[in-house]
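Please examine the sequence and the model displayed here. A dialogue between a reader and an author then follows.

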Amino acid sequence: MTHPRTRSPQTISRRNFLARSTAALTLPSILPGAVLGLNGATPPSDRIRFGAIGVGNRARAILPNFLSFRDIQFIGVSDCRADRLQSAKAMVDTHYGNSDCQAYADFRELLARPDIDAVLIATGNRWHGLGSIYAAKAGKDIYCEKPISLTIGEGRQLAETCRRFGAVYQAGTQRRSTASYQFAADMVRHGRIGKLHTVEMQVWAGPTIPLEAPSPVPAGWDYATWLGQSPWHPFVSSRVNAWQYFWDTAEGILTDMGCHYTDQMQWTLGTDDTGPVEFEAEGEFPDPAKMASDTPITAVAHCKYASGVTGVLYQRGEFKDRYLRYIGDEGWIQVDDETDLVTAEPASILSYKEAGGAGWGDASDHVRDLLNCIRSRRQPACNPEVAHRAITICQAWNLCLRLNRKLKWDPVGERFDCAEANRMLHREARSPWCA
Amino acid sequence: MHQTAKLPANAAMEPSPQALGCLLALFIGCFTSPASDLGDLTAQAANFQTGQSLAPLRTLEAKVREAVAKPAQRSEVEAALIQLLNEESTYEAKLFACRQLAFVASEKSLPALSSLLRKPDTVGIACMAIATLPPGKADEVLREGLTATQGNGKAQIIATLGNRRDRKALKEVAAAARDADLSVASAALSALGEIGTPSAADCLSQLAADTTGTLKSTVTQAELVCADLMAREGSRKQAKRIYESLLVGPQPTWVRRSALAGRLGVENDAEGLTLEVLRGSDSALKPVAIAAAPSLKQGSKTSRALASSVSFLTEQERTWLVDSMAARPDVDARAFVVSQLGCSADSVRLAAITTLGRSGDARTVSPLALRLANCSENEERRAIESALVALPRDLATSQAIRSALANVAGQPRATLVTALSRREGAGANPILLTEAANPDPTVSRAAYRGLARTAGQAEAPAMLALLAVSAAQVRTEAESATAQALLRMSNGSERSSLVRLQLQTAKDTEVRAGLVSLLPLGGDGAALQSLKACLVETDPVLRGVAIRALAEWPDPSAWSSLLQACNTSADLVLRSVALRGLVRLANTQPADLTVVDRYKQLLHTTRNDSELKLVLGGLGAARHPAALELALPYLDRSSVRAEAAVAIRAIANALKTSDPEAVDAALSKLGTGT
């Protein structure tokens, strides 16, 4: 006899990786590590040895996802900031209970170690593409945070380099491995909202960074390496701490967060090897008399696929307001990024959803995908070609904003209908960082 | 203040020409400063330093954008930018000019940019601008710059020449590859790879023979890049030569893997090479060969050859081959994957199951169901369930799963039922209702679990009827699923009516008890009357369930019945349940004198400190001055003083603005002030 205390519409909880239908649909045969003998008592000789390049806040957030796997070991960390370098080494050493992790101020020394198989790259955006290219050329496999490149040209170069050098590469757009997003994509693919016509995305409005005079480079910083490929610029504390909002070092929130959603859009539409054909964007920029940052504060960006499907990205509202919504002629389905909550119209769509599944904050499944692929020499879910095509959309929007014009795009030849935009496909890197 | 026009959130993909015109005017107009004259702007921009207002630069930038759309103005704007490259301009001004020139410069800019190439602090930004110019004169300027620079600057120019694949620079770049400065030599080696011609390959070949130390790996990297570019551009033989040399030498594993992947791309007999690796002993190369299997020549003959190599592979390699074969569309490849469902190795079977789910169709159901009937491991069963869910959501596949149901019983049948439920959502409800009545509790339980997720108004009557015939082992799932179905009905009275109707005809005590427990979901007067009737039943089980149901009642209409049950029940557990229910009911409406009166009744009802603590715990939520007075005397009772204090603080906090005097008095008694 049962006497349920509380009753509300619910589903049976079952959190089992193999039970996720969409994962099975989209990823290579991912088997539990235990089946492969990979997550138990893996002998040291069979462990994948990792190094971390760029060990700031993001690296510290994602490192636990890596460290939870017992078939890998971090043996080196690198950062151009001494304070971060030492704290990352301490974090890794504490986890393993030894002091074996080596710290490198110059990431090239880490890459030169033949016993390092793979790297986690969690630097600032300016280093994502180039750092990955360096790593691939050194024979390393890669997990790199998003956005994967600064320009469309760099993204293409990254994809080509990984292919040429056989590097297994996973971009940190981990929502492909997140149950809520997998469910939404699955429902759209199976026609539960009818014929898809619009994908609506929202990221938050970017802050503005005030004007500030240069100051001395703090002790313990290798500023030239920090700048990387970006044109040399005097050290300005606020600029360095908010590098996301300057074209030289990043591409603003529209790209920084938008690439997660364009990746989802590409995946759901099955356009991972191509992309939209038209772009348009308008934005609101900081006041140059008071502000130093140059990327938009708010924006609305449109793209159109050859199939007629439209993507709309809003850069507005607060951080917590971000979402992805698929709209079809018979309904819609939405994932709220902050809460991982899925809503739909008609609500009956939600009856297909299994309970459980970690939110995007837990990238373990995404990391596991990479680890399996490192052994099988296949490309993971967010491989460089896939990631490049997703970020291209955001980068094309940025070119619309910077050129103040609509653009047409040939996704096969990867060229715009505008000479000036084509000239901005690539930006020459600053020596000595010309991979 | 922000600077450009803001589009409405619902801006259309193609705004009208008038709207675009307005936006453009606003965009440009917002950047216009009093010093809108190009000469003045250039003069201001030339002195720009970090930290100063960016307005002159942004205004100039807007003019550059305008010039993009109006080629007639382009020359004038370019001249202004060239002027910013003067010796006297600040570095920041030159950086700004180079950024703009990167997309509007013509050959007219080259002389000024050329002078920047010769200076270490500006060579980088000069290359940024020159790199976007078309081949020809720009390459000449870069090559000339090579002779005038050393070290980092030279490396910068070489890298730009490499990126531009300037074949005319081959001689200079090849010479630079032997430069004593390692950064120059390294950049030159990379550039040779990027140039990617047979001549560049020859240079690299010679350099590979001569180079030692840290540059050795740079040469190898350049050779791989060069080979790939040659392969793409038709020089397959030369590319193959490089790949072969890198495959046989004492190279790191990753180089040999890259070389094998490259060679498979240019090899006429890629199938033969793949089979040779698969059947060989080089375990480092096997994953690459297996990963290449999907792209080998399509057709059954190749698939059969690949399948015949399975005996040369380890268990893990076999799982990868299964995955690769699933990507081949022919019948023999599919047959191979299906055959691996019978493999003795768990991981291979799981790989076959998972890949079939990803790549299969209605024909896949039968072998998966067959495997299901023979498997004993939960993990494998769950994998099969997920594979069935992942199969195409078409009618043929769903029909195949329904047909498979006819041939299995027990756990395999339960798995098929669950798969159907997960695939079809509410669409599977009719078959789930049928299976809920299955005498096998494993199957019935699976059906009820599915119904709990999807059943609603349409299924609720049948599910209530099924409760009367449900086996004792599945009653938990049956009641829970029925409750979920009832909750999905929007009308409480309808819920009540359905449950009462069933209750009228139910004879079995357990069945009646189950139905009584559902009455609170109805929550109307008629349901409450039915519940009250159960309180006088002679059967103690039914009475107990009725008290529990009353304790779950959604509103205070059950108050007096529950209070009476609390006071008269001899069963201490039921009394406790009732008291908790009463505390909950007391707080289901905003605090007023009625609520306070209910708490008075509850405090009077309590028989021990434990019960008193429970009531005081609820009293804190009654935000009313009279509740404060009710709680205060208990501060003098040491055994419940802590609970009373918590309640008083909670009430006081809520009343501090509306009734500060009472709050101060209460808090002073507590020994603290506002």
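The exchange below takes up chain B, one of its helices, and a sheet in chain A.

Reader: On what basis is this model described?

Author: This is a predicted model, in which local features need pLDDT of at least 70, side-chain atom pairs count only at pLDDT 80 or more, and totals for chains, interfaces and linings use all residues. Residues are numbered from 1 along each chain as its sequence is written, chains are lettered from A and ligands numbered from 1 in the order in which they are written, and side-chain values use heavy atoms, without hydrogens and water.

Reader: How many helices does chain B have?

Author: Helices (H or I, at least four residues) and strands (E, at least two) are DSSP runs, numbered from the N terminus. Chain B has zero strands, and its helices number 40.

Reader: What is the radius of gyration of chain B?

Author: The radius is taken over C-alpha atoms, and the globule rule is 2.2 Å times the number of residues to the power 0.38. The C-alpha atoms of chain B fill a box of roughly 105 × 80 × 55 Å along the principal axes. A compact globule of 674 residues would have a value near 26 Å, but chain B has 41 Å.

Reader: Is helix α31 of chain B largely enclosed or not, and how many of its residues are buried?

Author: Buried means under 20% relative accessible area, exposed over 50%, and partly exposed in between (1.4 Å probe, protein chains only). The buried residues of α31(B) include B:V511, B:R512 and B:L515. Among the elements covering them are α28 (460–467) and α33 (540–551) of chain B, where contact means heavy atoms within 4.5 Å. The helix is largely enclosed by the rest of the structure because its buried residues number twelve of the 14.

Reader: Which residue takes a positive phi just after α31(B)?

Author: At the start of α31(B), a side-chain oxygen of B:D508 comes to within 3.0 Å of the backbone nitrogen of B:E510. Just after the helix, a positive phi of about 70 degrees is taken by B:G523.

Reader: Which strands stand at the edges of the sheet in chain A?

Author: Two strands pair if DSSP finds at least two bridges between them. The open sheet has six strands in the order β3-β2-β1-β4-β5-β6 (chain A), with parallel pairing. One side of each edge strand is left without a neighbour in the sheet, because each has a single partner strand; these are β3 (102–104) and β6 (169–171) of chain A.

Reader: What is the bridge partner of A:S78 in β3(A)?

Author: Strand β2 (residues 72–78) of chain A runs parallel to β3(A), and three bridges join them. In β3(A), the partner of A:S78 is A:Y104.

How values were computed:
A polar contact is a pair of N or O atoms within 3.5 Å; within protein, one must be able to donate a hydrogen and the other to accept it, and residues adjacent in sequence count only if both atoms are side-chain atoms.
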